[in-house]
Amino acid sequence: MSRLRIFDESRPLSPLTEHHEHAAIARELDLVGVRFEQWEASQPIVPGASQDEVIAAYRSDIDRLKHEKGYQAVDVISLTPDHPERATLRQKFLSEHTHSEDEVRFFVAGSGQFTLHIAGKVYDILCEQGDLIGVPDGTRHWFDMSEAPYFVAIRLFTNKEGWVAQFTGDDIAQRFPRMQPRQAMAGR
């Protein structure tokens with residue numbers, strides 16, 4: 001189940017509020033300029049489907065976003081708990097950073113935790129299968145896939161070269177809850 005917890009940036013153990021209903025999550029995130037949608041496949045997707053098959057199943061939503069926001073490139077990324085470089089890949093985005101372009105992810109399967117640092121608050125979003133999140137460029141955030149990652153995600157880019165992490169140097173991400181492995185497995 002998708003979840004949004006909102007914290008004061010100085011109180012990492014006590015959420016100010018918590019939401020589990022998609023409409024409430026989308027409404028709260030919209031207030032800070034973050035897109036949150038749910039998509040459904042237009043055709044069945046079998047395990048091990050090719051990148052082209054996955055993209056074809058969500059073509060109408062992908063095309064809508066490309067038209068609205070000017071995204072030029074689309075790809076599919078997947079990670080499983082037995083990936084030999086899972087710890088290195090996880091560590092890569094656990095510290096607070098920004099990008100010079102939007103970070104747009106749609107979870108075809110599995111889950112991941114995006115945490116955003118906006119105007120003195122921390123928005124902790126557990127994204128599950130069917131969730132799309134669009135984090136605007138320049139937004140301070142971090143991403144956790146847990147110690148036992150499992151997800152298949154569609155990524156949209158304006159320019160893949162622009163999607164490079166610029167680390168803020170703030171240690172805030174180390175003070176907030178990480179994604180638990182059972183959350184990662186729940187999306188299976």
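How many bridges join strand 6 to strand 11, and in which sense do the two strands run? Select residues 103-110 and residues 151-157 in this predicted model, and you will have strand 6 and strand 11, which run antiparallel and are joined by six bridges. Within this pair, highlight Ala109, which stands opposite Val152 of strand 11.

Next, widen the selection to the open sheet of five strands, whose order is 3-9-6-11-4 and whose pairing is antiparallel. Strand 3 (35-38) and strand 4 (73-79) stand at the edges with a single partner strand each, so one side of each is left without a neighbour in the sheet. On average, and with direction ignored, neighbouring strands here are turned by 20° against each other.

Now add the helices that pack on this sheet. Helix 1 (residues 22-30) touches strand 3 and strand 9 (131-135), and the direction of helix 1 makes about 160° with that of strand 3. Helix 3 (residues 59-69) touches strand 3, strand 4, strand 6, strand 9 and strand 11, and its direction likewise makes about 160° with that of strand 3.

Move on to strand 7 (residues 112-118), where seven of the seven residues are buried. Gly112, Phe114, Leu116 and Ile118 point one way from the strand, whereas Gln113, Thr115 and His117 point the other way.

Finally, show the partners of strand 7. Strand 8 (residues 121-127) pairs with strand 7 in the antiparallel sense over seven bridges, and the two form a hairpin with two residues between them, where Ala119 in the turn has a positive phi of about 50°. Strand 10 (residues 140-144) also runs antiparallel to strand 7, joined to that strand by five bridges. Center on Gln113, which stands opposite Leu126 in strand 8 and opposite Asp144 in strand 10.

Technical notes: Residues are numbered from 1 along each chain as its sequence is written. This is a predicted model: local features need pLDDT of at least 70, side-chain atom pairs count only at pLDDT 80 or more; totals for chains, interfaces and linings use all residues. Side-chain values use heavy atoms; hydrogens and water are left out. Two strands pair if DSSP finds at least two bridges between them. Helices (H or I, at least four residues) and strands (E, at least two) are DSSP runs, numbered from the N terminus. Axes are lines fitted to C-alpha atoms, for helices over the stretch in contact, and angles run from 0 to 180 degrees between N-to-C directions. Contact means heavy atoms within 4.5 Å. Buried means under 20% relative accessible area, exposed over 50%, partly exposed in between (1.4 Å probe, protein chains only).
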